[in-house]
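Visitor: Please show me the structure, and explain on what grounds each descriptive term is applied.

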Amino acid sequence: MAGGFQKTMMKAFGATDHLMTVVSVTDITPGFRRIRFSAPTMIDGRETPTASYIRLWAPDPAEPGKVHQRGYTLVEPDATTGEVSFDFVLHEPMGPASGWAAAAKPGDTIAASYYMFHKFDPPEDPEGYLLMGDPAAIPAINAILGVLPPEAQVVVILQAHAPDDALIPIGKHPGAEVIWTGPGTGALAAAVPVRDWSNWYAWCAAENAAIKELRAALNRVHGFPLSDIKHAAYWIRGKAMRLRKETSGRTDEEAVEAAPSASAVPSTAAAPSAAAATRSGPARRPRWRSQGGEELLASLRWKLRAAGLMQALVSLMQLAPLLLIAELGRRLLAGETRWEALAPLIFWAVGLFGAAAMLSAGLMLWLHAVDARFGYTLRLSIVGKLVRLPLGWFSERNAAAVHQAVQEDAGRLHYMVTHAVPDIVAGIVTPLAVILYLFTVDAGLAALLFLPLIAFVALLSHMMRGVADKLAAHAEWTKRATAAASAFIEALPVVRVFGGDGRAVRGVLDGQAAFLNGWQRPMAGRKVASQLAIQPPAFLLLIMAVGCWRVVSGGLAPADLLPFLFLGTAFGTQIMAAMYGFVPMREARQAARRIGKLLEERELDRSLAHRDLPPGPLGLRFDAASFGYRPRRPVLHGIDLLLAPGTLTALVGPSGAGKSTLAGLPGRFHDVTSGAVRIVAGAEEIDIRELKPQALQRAVGFVFQDVRLIQASLRDNIALARPGATMAEIEAAARAAQIHERIQAAPRGYDSVVGEDARLSGGEAQRLSIARALLADPPILVLDEATAFADPESEHLVQKALSALLGQRTVLVVAHRLHTVVQADCIAVMQAGRIVQRGRHAELLARPGLYRDLWQAGGETRKAS
Amino acid sequence: MIVSALLPAEARPRLVPYLLFAAAAAILRAAAALLLVPLLGELFSPDPRGALPWLGALAASVVAGWVLERHLVMRAFDLGFAMMTSMNRRLVDHLLAVPIGWFGAERQSQAKRALAGAVPELFASTVNLATLASISVMLPPAIGIGLLFVAWPLGLAALAAVPLLFGALLLAGRLLRQVEADYAAVSEAAAARTEEFARSQLVLRAAGRIGVDGTPLGEALAAQRRSGLRLLWFTVPGTLVFSLAMQITLLALVAMLAWMFASGMTDAARTVALIVVVLRFLEPLNTLSELFPALEGAYGAAGRTLAILDVPAQTRPQIGARPGPPAIAFTHVGFSPDGLRVLADISFTVPAGSTTAIVGPSGGGKSTILSLVARLHDADVGEVRVCGHDVRSYDPATLMDQLAIVFQNVQLFEGGIAENIRVARPEASDAELHAAAAAAGVVEIVERLGGWDAPVGEGGAALSGGERQRVSIARALLKDAPILLLDEATSGLDALNEAAVVTALSRFGQRTVLIVAHRLETIARADRILFVEEGRVVEAGSRDELIAAGGRFAAYWTHRQAARNWTFAQEHS
């Protein structure tokens, strides 16, 4: 490889291309070669997401100076040595990259550009992962297999181009099923088994045509929404001789980005298996959670289309007066001076202005009315969803999801309905109408109006050269600055206490500023040049210069210049506005998608719930109850536990043992994944899933650490479960819960409103929630002992209240301090989701085991005093 | 005004030349527009060749404008860059001087947004928007003034229209912003209710409350719908007022020209040329209305940033006092943030080397006493002395060097555990760090998380409350300061955690200790006890003295003794 070649190449591609030097060459199989490169400018400690890849510029074997680009996945990047490997598939006929690799030896160099596009970023918790590709995709698939959780279901479909391909090592994953298929464009598509792929995530990378066919088959035959298929075309059959300039744009935009237009999919599903699969057909229509958003927007679709049409009309009507004024000018120049000839133009102009204003106002009103109705229905359906979700769903993380849905996403949809659609339509219709009209006036001059736009694009693309690298760095700096600012602010109390000076955050912010300066300053001049190209003065000069020349040479009537001067100068800015209009639209779609996902969350199955509560004392039985938040990752393993009526059972064990999860099962916070939880009534046992919701709620009461008071009067808070309770009953419960006196001391007594004139301390809120439970009077009670010492100063009052609450109920206590449960009828010691010991305090203490260890550890505390 | 407040002092003098250059650029654009009058006049005449010199002049002014505007953008870049670097520095400096008490959750996120979001946004706006926006503001009056020399009645009318148009632009912006703000407020209320509804599901379902009708949530949702419909009638003027003003101005100016033509003041060619100038006159206003949301965003970002700088900082002395022996003394200290009395007339001393426990019901002001010692807040009246001097007379770093602090709500920052402990004394050796960690029982947490550098999550979310407090104790141990301020955790420590914490704390034997105590063991060990209730010290003395006195503490002690022996047990009748 000539030294001059490198230089030319680097010059041609700008500074963002990286030169890599071959360190070693290893043949993993006869047709699969791993080459280790030294690439210190590329592997410089920046983030390299799973399955991210570079573009390799492979020299053309026949024509020196020409290069071809190919995508390669980063294998084992090592920031300390600046080394990275790439795997090459060596097949005849060889493409330029594999040809280069076949001849590569240590010391050889090759150029590459860094792309971050190909981040492996599946939706949260898909049902499984379908990974597909040809040998070129194996490095990426191996990288993905390395990061998938071990309990995930994975199907890998690989296409062998040569018999040796099957020897290429595939990454190990416990849940992976590997299917090999033969060569041929449709082979991958044909190899996808027919099954229910609902909520699976598909990732594929192969030859361009094979990918197109595969996507079509996944979408049409197997039901995958295009948004749940991530794909990349690494190479294109029959296009070995492509120049860099031809390829870079097309492959990146059409094939690499995640959400291409539907037109990229061939209109006929050609795969042979496609027809077969359609015949047999999946048993039920598969569903993807990600599609909830589409259904959400479906109800709006025709209304938004109508609004778009109306806005198009308004835009045209707003444009028409300018045409009329141009016509006025034309008549004036023609020597027309009669008022009768001029007046109609002015009246029409005024009339159209007025009508457009009225119509525009009407459109606004209508859209807002549509939005108010849509927003209301949307929020009602979210709320309606919330009451059908299992209680266990309401975690911190999901609270954030609710917040996102009702606060932010709902707002984005509001903006979309009321503004985005008219803005986009106006942005497109106006310049389109202008340019069409100007073409009818003078096609030559109208065509010239595209010149500034071309100049703009040229300047912009010149500016954009190498911008991918800079954008990645910019994103990295933004992330670092945000993280540093967060860390600084959060740690401020600590930093201050320990005398810090914010050195870290200053360093990052200075670094970010220096980066922006180094990147943007040279660009600022070019950027302003590109913007000046599309601003009115540029158009004015262009129109006048060409116009003068054409008028002087007699090619254009002077009056024909008028429409251009009236309408043509703002053409560039209008086009820009149209381009920006799509951003909120895309955000709204994503918002709809998130809300749709929320609405698709798995609900509590109430289909069996038909039974009422039997009379008499109730007990509870956990019968081989297992549960896991994710499939194949159980948190509770086959718990057997009987709570006889009227007994007290304590759950003890280290944190993370599953105590709270188990305690939530009787309230159907989550449903068991196997086994059952049963209510014991005499000889009869009823699965709690068969109880009507109200019956279950009457049977099992909870007093938990996290007390929720609702924003209502203290009286209503106590009587929440029994709105019909008399004042005497409420007061009796409050007295028993040691909170009556405190309530009396509040400004309006029992009528004081929480958060307004009743501010309760932790211990007081606890006692109020105990009063609530007392009044509800459930036969089975689940409580968290931590309630007792959230507030040590009023602990004895809480304890008194608890003693009153226990009564003769069947009780399950999650205990943190062992000495509070020494009198329990049964202590179940939990560890890692299992009950490892059970018995009374004395029995457990008498034998070695976890309980005795815990007791002794706690006992030391007391001895210390 | 707001712009010069954003700029560092040394960059402020550059603002005026920038604006003068912008005015020059606006004049060049105005000239290009006005040159159309003679240019078109010649072009529409029988011999259009006379237009060519004017075309040359037009080209010259456009090209000169380009050169000038490019130069302006570079000047704007310099100003924006100076603003960004200085603002970063000023914000960090200021945040380090703001009383810690100022930072609530809300304000924390406000400060984060200013630091990482607003400043880069302001930089981008300065670079990308400032030049075009200033030229667009100056251009209409410039054309109006120019018109006075070409066709004075039209010039007068145009100048009269300028305030009208800008007024309409601002009014439209304000109306729409008002409507959106009202709508957002109602939405937020409904959203907050929905979130509360989600959080309260356990309670609500236990109460059999499943529907939303008649609940506060149902009302909030209905209110939102109603207000959405009501706002309709305000949206319309907001969207129409500016475009109507533009159209009326255009028609009025054209009508005026028609009148001038009819009365023989101008000929046909000149009239038509003047119509073109009128359109040029209106064009920048359209540009401004497109830039308006971005400008408003920048204005908001500027306001948020400056608001942080407006938070009063704590005073610091010119020359810091030198600490004496580690004692603490409060004399008649009162503290009433936002007019709400938290502490009143507190006086006590903690002699060097002794331990004092603060005991009392929750909400009585116990933790606030500690925060005054650490000067997280400043007392309103009275004096807080640490190591012999008023806390306000120390350089903040000197004061902090005297204190090791373990507070109740421990916040960790994202990063590893080692990093979180080392902040206490960055120069400590690994051996010292590990010793402190071992003594505080942090080693088990490290093992559970998988290493000293394993991330603790945002705010330490991967750790339980007890674990976070242990990390905080390790910090205090590593720091090894003469005075320990400690707020005992009351959150649910499990049995193993509690033992580890108590063991770690017992190592603070020889120092001066002020502790908000909940555990009886801790209280028993203290040399002196302050019983604090409703912001006052109601009893003070040794444990035995106070029990003998039979007052508030004695009752408290008895209750606590009884509580510790309580067990869960049902009534068995």
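Visitor: Why is B:Glu444 called partly exposed?

Guide: Buried means under 20% relative accessible area, exposed means over 50%, and partly exposed covers what lies in between, computed with a 1.4 Å probe on protein chains only. B:Glu444 has a relative accessible area of 46%, so it counts as partly exposed. This is a predicted model, in which local features need pLDDT of at least 70 and side-chain atom pairs count only at pLDDT 80 or more, while totals for chains, interfaces and linings use all residues. Residues are numbered from 1 along each chain as its sequence is written, chains are lettered from A and ligands numbered from 1 in the order in which they are written, and side-chain values use heavy atoms, with hydrogens and water left out.

Visitor: How do you know that B:Arg470 and B:Glu444 form a salt bridge?

Guide: A salt bridge requires a side-chain nitrogen of Lys or Arg within 4 Å of a carboxyl oxygen of Asp or Glu. The closest N and O atoms of B:Arg470 and B:Glu444 are 3.7 Å apart, so the pair meets the definition. The two residues are 26 positions apart in chain B, with B:Arg470 in helix α16 (residues 465–479) and B:Glu444 in helix α15 (residues 443–449). Here helices are DSSP runs of H or I with at least four residues, strands are DSSP runs of E with at least two, and both are numbered from the N terminus. Unlike its partly exposed partner, B:Arg470 is buried, because its relative accessible area is 2%.

Visitor: What makes B:Arg375 and B:Asp378 a salt bridge?

Guide: Their closest N and O atoms are 2.7 Å apart, so the distance requirement is met. B:Arg375 is buried at 6%, whereas B:Asp378 is partly exposed at 25%. B:Arg385 and B:Glu383 also meet in a salt bridge, at 3.2 Å from N to O. In that pair B:Arg385, at 31%, and B:Glu383, at 24%, each count as partly exposed.

Visitor: How many salt bridges are found in the whole structure?

Guide: The search finds 46 over all chains. In chain A, A:Glu327, A:Arg330, A:Arg331 and A:Asp560 are linked in a network of salt bridges.

Visitor: Why are α16(A) and α17(A) called roughly antiparallel?

Guide: Axes are lines fitted to C-alpha atoms, for helices over the stretch in contact, and angles run from 0 to 180 degrees between N-to-C directions. Angles under 35 degrees count as roughly parallel, over 145 as roughly antiparallel, 65 to 115 as roughly perpendicular and the rest as oblique. Helix α16 (residues 536–552) and helix α17 (residues 561–568) of chain A pack at about 175 degrees, with their axes 10 Å apart. They are therefore roughly antiparallel to each other.

Visitor: Which residues of α16(A) and α17(A) meet?

Guide: With contact meaning heavy atoms within 4.5 Å, the residues on the α16(A) side include A:Phe539, A:Leu540 and A:Ile543, and those on the α17(A) side include A:Leu561 and A:Phe564. By class there are 8 nonpolar, 2 polar and no charged residues. Ala, Val, Leu, Ile, Met, Phe, Trp, Tyr, Cys and Pro count as nonpolar, Asp, Glu, Lys and Arg as charged, and the others, Gly among them, as polar.

Visitor: How do you know that β6(B) and β7 of chain B are joined?

Guide: Two strands pair if DSSP finds at least two bridges between them. Strand β6 (residues 403–406) has 4 bridges to strand β7 (residues 483–487), so the two pair, and they run parallel. B:Ile405 stands opposite B:Leu485. Both faces of β6(B) are covered, with B:Leu403 and B:Ile405 buried on one side and B:Ala404 and B:Val406 buried on the other.

Visitor: What makes β14 and β17 of chain A stand at the edges?

Guide: The open sheet has the order β14-β13-β16-β17 with antiparallel pairing. β14 (636–643) and β17 (684–687) each have a single partner strand, so one side of each is left without a neighbour in the sheet. The twist averages 20 degrees from one strand to the next.

Visitor: Why does B:Cys387 count as buried?

Guide: B:Cys387 has 1% relative accessibility, so it falls under the limit for buried. Its place is in the loop between β4 (381–386) and β5 (389–390) of chain B. Phi of B:Cys387 is near 55 degrees, a positive value in a residue other than glycine. Most residues other than glycine have a negative phi.
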